[in-house]
Amino acid sequence: TNSLSLSDEAVIAADHARVFHSWSAQAHLPNFTVDSGQGCHLWDQSGRRWLDFTSQLVNVNIGYQHPAVVAAIKAQADILTTIAPATANGQRATAAELILRHLPDSFEKVFFTNAGADANENAIRLARLYTGRDKIISHYRSYHGNTGAAINATGDWRRMPNEYSRGHVHVFGPYLYRTEFWATTPEQECERALHSLERTIQSEGPDTVAGILFESIPGTAGILTPPPGYLAGVRRLADKYGIVLILDEVMAGFGRTGNWFAFQAHDVVPDLVTFAKGVNSGYVPAGGVALSGPIAHAFDDRVFPGGLTYSGHPLAMAAIVATITAMEDERIVENAARIGSEVIAPALTDLAASNPLVGEVRGSGVFWAIELVRDRVTREPVTPATMAAIKAACFDRGLLVFLADNRIHIVPPCVVTDDEATQGLAIIADVLSQLSKES
Ligand code: PLP
């Protein structure tokens, strides 16, 4: 039972009456409450259980209630629950050290934020201050967060109602299945996307472009792993025109792809990396920007004009230290890589071969998308009603799935076991098979 002794129905009614929800029409909220969790499972108060293939907003990489992380938060709470950012604190310094340990040697410092949006906000600020330029180029198919510059850098529909500031330019990135470049091979898609990016830089005026801000693998936009050579090509263009390369690893980082950071599989070293979500699995809100040496040292004698009351909050920092330590000790990133190649890849390959609704499957680690189409030739997406039916059918069978447009994103925690992954994938295959028989 929950600590307030409210029934599931009472919690839902009280929530819908008084909590104003993100990205929602307030009269159309799901009737869903969660009371507790463990590993990859969640329970409501009446004991109903779900296997979680969403990791919430693709952030609970170590699963629910990891005992070492819960213990570390409790231990820190007993000593010091809050301290201002200017004060040196052991948990904060150690958290920075552990994050930098998994980044290339060129990275020297970490600026801590409360989440992913303000990480991107401050990375954009750093790029602008460092270059003295103002434009930021990002992908149309992207999400970078819901604050001033971050939502303007976002490419998807969430940008338009919030678009009040200048200095943002968007380009199409590579996405061979729905190519914008009439490409038929990954090589063509890569070359033409890079050409289009370079022409955009030239047409905007290279002297006006401060930063390129790309998700290493666009996540919510469809888990769009770039073709080999794309990110390395972006790096070359950034160098050629003196532009800061910011890679957003908020969703793709900390194990999700089977690497500590997604860019590590792409032969590229960025200037700034933004992170949040997986850095401590959201046990206490935290995010940040990792800075390479030259940008960090540009502020040795110059004041950095940015800050947050809770930058490097000790409870969040204790959770980061314990999370990264657990990920290292328990080889959680390696588990994500293995589950991806040994369990998810074969199951999705079978699904694509056997079910006509499946247009494409793509991904790595525990970061996969199933793209669903009404017609494999035209690639017309399935309707929102079909997606809603899939979500409801999976929910009824005890599986939470992450849906975006016409796609199911397979994004369980990185600690998912072979059995859990197999079980969830079987439910999805079954639900899709039922649907394809009906359609
Ligand atoms: N960047 C990416 C790639 C994301 O997926 C998200 C959130 O989904 C954000 C930034 C924003 O992070 P937050 O919601 O923690 O502000």
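In the predicted model, the shell of residues around the ligand divides into seven nonpolar, seven polar and two charged residues. This shell counts 16 residues, and the closest to the ligand are Ala115, Gly116, Ala117, Gly145 and Val250. Helix 5, spanning residues 116-131, contributes three residues, the largest share of the shell.

The domain assignment splits the chain into domain 1, made up of 34-65 and 331-438, and domain 2, covering 68-329. Taken over C-alpha atoms, the centres of domain 1 and domain 2 are separated by 26 Å, and the contact between them takes 28 residues from domain 1 and 26 residues from domain 2. On the side of domain 1 that touches domain 2, two or more residues each are given by helix 2 (55-58), helix 11 (332-354), strand 11 (358-364), strand 12 (367-372) and strand 15 (407-410). By class, that side of domain 1 comprises 13 nonpolar, 10 polar and five charged residues.

Strand 8, formed by residues 244-248, is mostly covered, with five of its five residues buried. In a regular strand the side chains alternate between the two faces of the sheet; in strand 8, Val244, Ile246 and Asp248 point one way, whereas Leu245 and Leu247 point the other way. Strand 7 (residues 209-215) runs parallel to strand 8 and is joined to it by five bridges, with Gly211 standing opposite Val244. The connection from strand 7 to strand 8 passes through helix 8 (residues 230-241) as a right-handed β-α-β crossover. Strand 9 (residues 272-275) is likewise parallel to strand 8, to which three bridges join it, and Leu272 of strand 9 stands opposite Ile246.

Terms used:
Residues numbered from 1 in each chain as written. Predicted model: local features only at pLDDT ≥ 70, side-chain atom pairs only at ≥ 80, totals over all residues. Near = placed C-beta within 6 Å. Helix = DSSP H or I, 4+ residues; strand = E, 2+ residues; numbered from the N terminus. Nonpolar A, V, L, I, M, F, W, Y, C, P; charged D, E, K, R; others polar. Domains from an automatic or database assignment. Contact = placed C-beta atoms within 7 Å. Buried ≥ 20, exposed ≤ 12 C-beta atoms within 10 Å, placed from the backbone. Pairing = 2+ DSSP bridges. Right-handed = clockwise from strand over helix to strand, strands pointing away.
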